[in-house]
Protein chains: 2
Amino acid sequence: MTEMNDKLLDAAEAAVRLRGYHAVSFRELADDLGIKSASVHYYYRQKEDLGLALVARYQAHFFKRLDERAAGLSRFEEALAAFIAVYREALVGSDRICLCGMLGAESSGLPPPLAAAVAAFFEANIDWLDKRMPEIWPSATRRGLADSIVASLQGAMMLAASLKDHARFDTIAEELQARFGTL
Amino acid sequence: MTEMNDKLLDAAEAAVRLRGYHAVSFRELADDLGIKSASVHYYYRQKEDLGLALVARYQAHFFKRLDERAAGLSRFEEALAAFIAVYREALVGSDRICLCGMLGAESSGLPPPLAAAVAAFFEANIDWLDKRMPEIWPSATRRGLADSIVASLQGAMMLAASLKDHARFDTIAEELQARFGTL
DNA sequence: GCGCGTCTATCTACCGGAAGATAGAGTAAA
DNA sequence: TTTACTCTATCTTCCGGTAGATAGACGCGC
């Protein structure tokens, strides 16, 4: 919406992806933006509302970039490469793990609606892959492979962030592409 | 050491694995144990000290169970199965993700010594797999495959916890075993 | 065996600060 | 004059952490 709202979401997303939901405060975000914490509450009455907005925007951006990259691609190998590229972009572009990777780990400690939104993000990821997978396998197999791909990439982000080494993500991504790309 | 110390570590591990480091407080742990928060500080002066003790104990238990399961096994396929089983046990036994998976996600928001201990846990995981891998590949390839395995399992735990469905972990684990077990 | 000091484990009481959240006034543009 | 936005000021609750007291168990020299 407004410019300040965008800046607020940017600051909140950066902070949550770096340190987690519970480690981020309204005061800290306000300081980042040069406003007061009461003004942050003007945009989002509760922290939970901010979290939900964050996930909604993240998901929208994620699939927008994904569909841009994957437009016109028909082979699964290419779709997977696009999927991996969007994940990689998220990690390398900001030196942070996926928003939903962070929130997914914290899931049990989040307000239930927020945990549900995060779970929906993952299901949407899996659906996206599933739909582009060759139909030579039964549906359950396809979904299982999609689960594996999402888990690998989320785990790879976490590992690369913890070890402070993006190259680890790339190694895992290449292995993933080699394994599933030729299906 | 003492009985109370064990109970304290048990409560702290359960809480951190469920909701994350920053969402756990001394008072909450004290309430769980029926003591006062000042008594928790008697055992661990700072929260960081508690976190370090938690990781040290977790890592020791993890490798103890791993070595028990893998004792006498020589083929990589079997070692991998043991590795997966210990991960699965951690998830299913407590309905929680790996302590270091949680702390790894939060890594950038943790006291540096704690983040370093978590990173060391992952490196030890990778080393364990690496050493048991057939030497037909160059060292770099082996380490890359070990990275992939750890990332998959950590991601699978997070995904299963977020989606509240342990079967998703099993699906991914089976795919992993099929992928690397026959190497 | 007795008294002395020490150690262990817990308590009460408190500190300064930060958290999420609210009420209501001010301000500036449309 | 209304709307959009930001402020000051404040509340309650919780945080990590500290100080200092206490009660009981242990060991040691006399």
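**DNA strand D and the two largest pockets**

Of the atoms of DNA strand D that lie within 4 Å of the protein in this predicted model, 56% belong to sugar or phosphate, and the rest belong to bases.

Student: Which residues come nearest to DNA strand D among the 18 around it?
Tutor: The residues around DNA strand D number 18, counting those with a heavy atom within 4 Å of the strand. By class they divide into eight nonpolar, six polar and four charged residues. Those that come nearest are A:Thr2, A:Lys36, A:Tyr43, B:Ser25 and B:Lys47.

Student: Which atom of B:Ser25 is 2.7 Å from a phosphate oxygen of DNA strand D, one in the backbone or one in the side chain?
Tutor: For comparison, A:Lys36 places a backbone N or O atom 2.8 Å from a phosphate oxygen of the strand. B:Lys47 likewise has a polar backbone atom 2.8 Å from a phosphate oxygen of DNA strand D. For B:Ser25, the N or O atom that lies 2.7 Å from a phosphate oxygen is in the side chain.

Student: Which element gives the most residues to the surface near DNA strand D?
Tutor: Three helices each supply at least two residues of this surface, namely α3 (37-43) of chain A together with α2 (26-33) and α3 (37-43) of chain B. The one that gives the most, with four residues, is α3(A).

Student: How many charged residues are there in the lining of the largest pocket?
Tutor: The largest pocket holds about 280 Å³ of space. Its lining has 15 residues, and the closest to its centre are B:Glu13, B:Arg17, B:Tyr58, B:Arg65 and B:Ala90. The elements that give two or more residues to this lining are α1 (3-19), α4 (47-70) and α5 (76-94) of chain B. By class, the lining divides into five nonpolar and three polar residues, and the number of charged residues is seven.

Student: Which elements each supply at least two residues of the lining of the second largest pocket?
Tutor: About 240 Å³ of space lies in the second largest pocket. Of the 13 residues that line it, A:Glu13, A:Arg17, A:Tyr58, A:His61 and A:Arg65 lie nearest its centre, and the lining as a whole divides into four nonpolar, three polar and six charged residues. The elements that each supply at least two residues are, in chain A, α1 (3-19), α4 (47-70) and α5 (76-94).

Key:
Residues are numbered from 1 along each chain as its sequence is written. Chains are lettered from A and ligands numbered from 1 in the order in which they are written. This is a predicted model: local features need pLDDT of at least 70, side-chain atom pairs count only at pLDDT 80 or more; totals for chains, interfaces and linings use all residues. Side-chain values use heavy atoms; hydrogens and water are left out. A polar contact is a pair of N or O atoms within 3.5 Å; within protein, one must be able to donate a hydrogen and the other to accept it, and residues adjacent in sequence count only if both atoms are side-chain atoms. Ala, Val, Leu, Ile, Met, Phe, Trp, Tyr, Cys and Pro count as nonpolar, Asp, Glu, Lys and Arg as charged, and the others, Gly among them, as polar. On a 1 Å grid over the protein atoms alone, a cavity is a set of points where a 1.4 Å probe fits but cannot get out, and a pocket is an open set with protein on both sides within 12 Å along at least five of seven lines; lining residues have an atom within 4 Å of a point. Grid points are joined across faces, edges and corners, and a volume is the space filled by probe spheres set on the points.
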